[in-house]
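Please look first at the sequence and the model, and then follow the paragraphs below, which go from a single hairpin to the whole chain and on to its cores and charged pairs.

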Amino acid sequence: MSKSIKVLFSFFLVIFFIAMVSKESAFAKNGIRVILYGNPIQEKHSPIMKNNTVLVPFKGIFEKLGFNVSYDSASKTISVQKTGTTIKLVINQNTAWINDTPTILQVAPQIIDGATFVPLRFIGEASGLEVKWYGDSQIVSLYSKQNLFPVSRGGKFGYIDTEGKIVIDYQTKFTDAYAFNEGLAIVYSNAKFDGFINQQGNKVIPKGNYYDAKEFSEGLAAYRTLKTATDFAVSNYGYMDLTGTSVIKPQFKKANNFSEGLAAVQVGSGYGYINSSGKIVIKAQYNSAEDFSEGAALVTINGISHYIDKKGKFLFNSSYKNGESFSEGLAAVKAGANYGFINKKGKLEIPAIYEEVHSFSEGLAAVKINGKSGYIDNKGKLLIPNQFDAASDFHEGLAVAESGGKTGFINKTGAWVIQPTLDWAGRFSKGLSYAYSVDGEVYINKNGQIVWRRSQP
């Protein structure tokens, strides 16, 4: 072999190895993680991103979802099925079928590095799951859309569905349990934080060295640890991701949930905002700070309510007090002795003539005049007369209202849908309201029917 040929051969050999290393690095460094029901999925081949679509090896994900899987090499067709659902995909074709109904895929199934990859979102949604992508942490989370509600009996906690059926049985290991957020729920044991469970009741994030934690929001949850194993002084707040891994070290005196990509935190004596990497993007210079809502956040300086954008710039010069966050384009503020509503330029859109107000929700806001509550629209027009002793926000078409010392629910015409016979009731969320009645603690549906009541074993 001549010297020139050897040099050329060596050159191509180097290029080949560089290409191979680059290819392997593309798989190794993309960092995408898939979480199913709170459990990370480990596969031989890592997920990849293509045209803003996460692709995963088809066999493992389908089997974990309970499907029977088959592959016809002649037609290059992937067929999967379980009771009530049949899915078919064809390699390099953008049309898939769910129970013979065609669906267009953003990215077609394809063979990459000897493995067959399919679009994860399609698989999850075809299986009836919620699919959420958290870009900053490179996590895709799949979990059930089923609504679950915490219940207790004899000191044991479990969860019911909207029909009142027990889904996660009462367990002595839970002495308190919280609502599910993003597929996970906080549980306590012996009055101490004990970690997060998934919708099957399995603990997927153990307590570890966490002293306590808040609910997940936008893929992150604030937590605290003890300073040392023997010192019961509590450290500052940090944040964990959906795998339970600390991604923002404890450094904040107080920490809110993430909202619209930012979280309010206390540093020293002031409040500011961090991004999902833990970087302070709005200086901690406020006396208090609320979550971002509709691109704006309420902060206070020396008792005055101000509104800032995501760069920390004031939306307008303010002299208002007792402000509320923006909702449906308006924010409640106190101007003089009464309350009204301002727009994002700081102008009073609805005059300050009310004794009390609630934020706008579903097009209406509760307001009180002469000790009685009613509802106005976003122009200030009174749509439901001031006839209730107290009234709250509308949620899922109904609002809590009080009359004669009892609580019930009204619709948007002001008519009683659930008569005021309850001692107290929370707003409707995912179809149920937690309330107190003559039967004690109960969950009621929108027909006023009790689907669950607390009773001793």
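Two strands are said to pair if DSSP finds at least two bridges between them. With that in mind, a reader of this predicted model can begin with strand E27 (residues 270–274) and strand E28 (residues 280–286), which run antiparallel and are joined by 3 bridges. One of the residues to look for is Ile274, whose bridge partner in E28 is Ile280. Between the two strands lie 5 residues, so that E27 and E28 form a hairpin by the pairing just defined, and in its turn Gly278 has a positive phi of about 90 degrees.

From this hairpin one can step back to the chain as a whole, which has 3 helices and 46 strands. Its C-alpha trace spans about 100 × 55 × 50 Å along the principal axes, and of its 457 residues 45% count as buried. About 23000 Å² of the chain is exposed, and carbon and sulfur atoms supply 50% of that area. Among the contacts with a separation of 6 or more, 32% are accounted for by residues 24 or more positions apart.

The next topic is the interior. In soluble globular proteins, nonpolar side chains tend to be buried together. In this model the largest nonpolar core has 27 residues, and those that touch the most other members are Phe62, Ile87, Leu89, Leu120, Phe122 and Leu142. Several elements give two or more residues to this core, including strand E1 (33–36), helix H2 (58–64), strand E7 (85–90), helix H3 (120–126) and strand E13 (139–144), and the largest share, 4 residues, comes from H3. Phe62 shows how such a core is built up, for when its neighbours within four places in sequence are left aside, Phe62 is in contact with Phe67, Val69, Val80, Ile87, Leu89 and Ile123. Apart from this core lies another, of 17 residues, among them Ile35, Phe193, Phe216 and Leu242.

The charged side chains can be followed in a similar way, and the model has 12 salt bridges in total. In one of them Asp194 is joined to Lys203, with the closest N and O atoms 2.7 Å apart. Asp194 counts as buried because its relative accessibility is 18%, which is under the 20% cut-off, whereas Lys203, with a relative accessible area of 41%, is partly exposed.

Another salt bridge is formed by the side chains of Lys368 and Glu356, at 3.9 Å from N to O. Lys368 lies in strand E36 (residues 365–369) and Glu356 in strand E35 (residues 356–357), so this pair ties together parts that are 12 residues apart in sequence. Here Lys368 is the buried partner, with a relative accessible area of 13%, while Glu356 is partly exposed at 44%.

Which parts of the chain does the pair of Lys446 and Glu396 link? These two residues form a salt bridge whose closest N and O atoms are 3.3 Å apart, and the pair links distant parts of the chain, 50 residues apart. Lys446 sits in the loop between strand E45 (440–444) and strand E46 (450–453), and Glu396 in the loop between strand E39 (390–395) and strand E40 (398–403). Lys446 counts as partly exposed at 31% relative accessibility, and Glu396 is partly exposed as well, with a relative accessible area of 32%.

Terms used. Residues numbered from 1 in each chain as written. Predicted model: local features only at pLDDT ≥ 70, side-chain atom pairs only at ≥ 80, totals over all residues. Heavy atoms only, no water. Salt bridge = Lys/Arg side-chain N within 4 Å of Asp/Glu carboxyl O. Buried < 20%, exposed > 50% of the residue type's maximum accessible area, 1.4 Å probe, protein only. Core = buried A, V, L, I, M, F, W, Y, C linked by side-chain atoms within 4.5 Å. Contact = heavy atoms within 4.5 Å. Areas by Shrake-Rupley, 256 points an atom, 1.4 Å probe, with all protein chains shown as cover.
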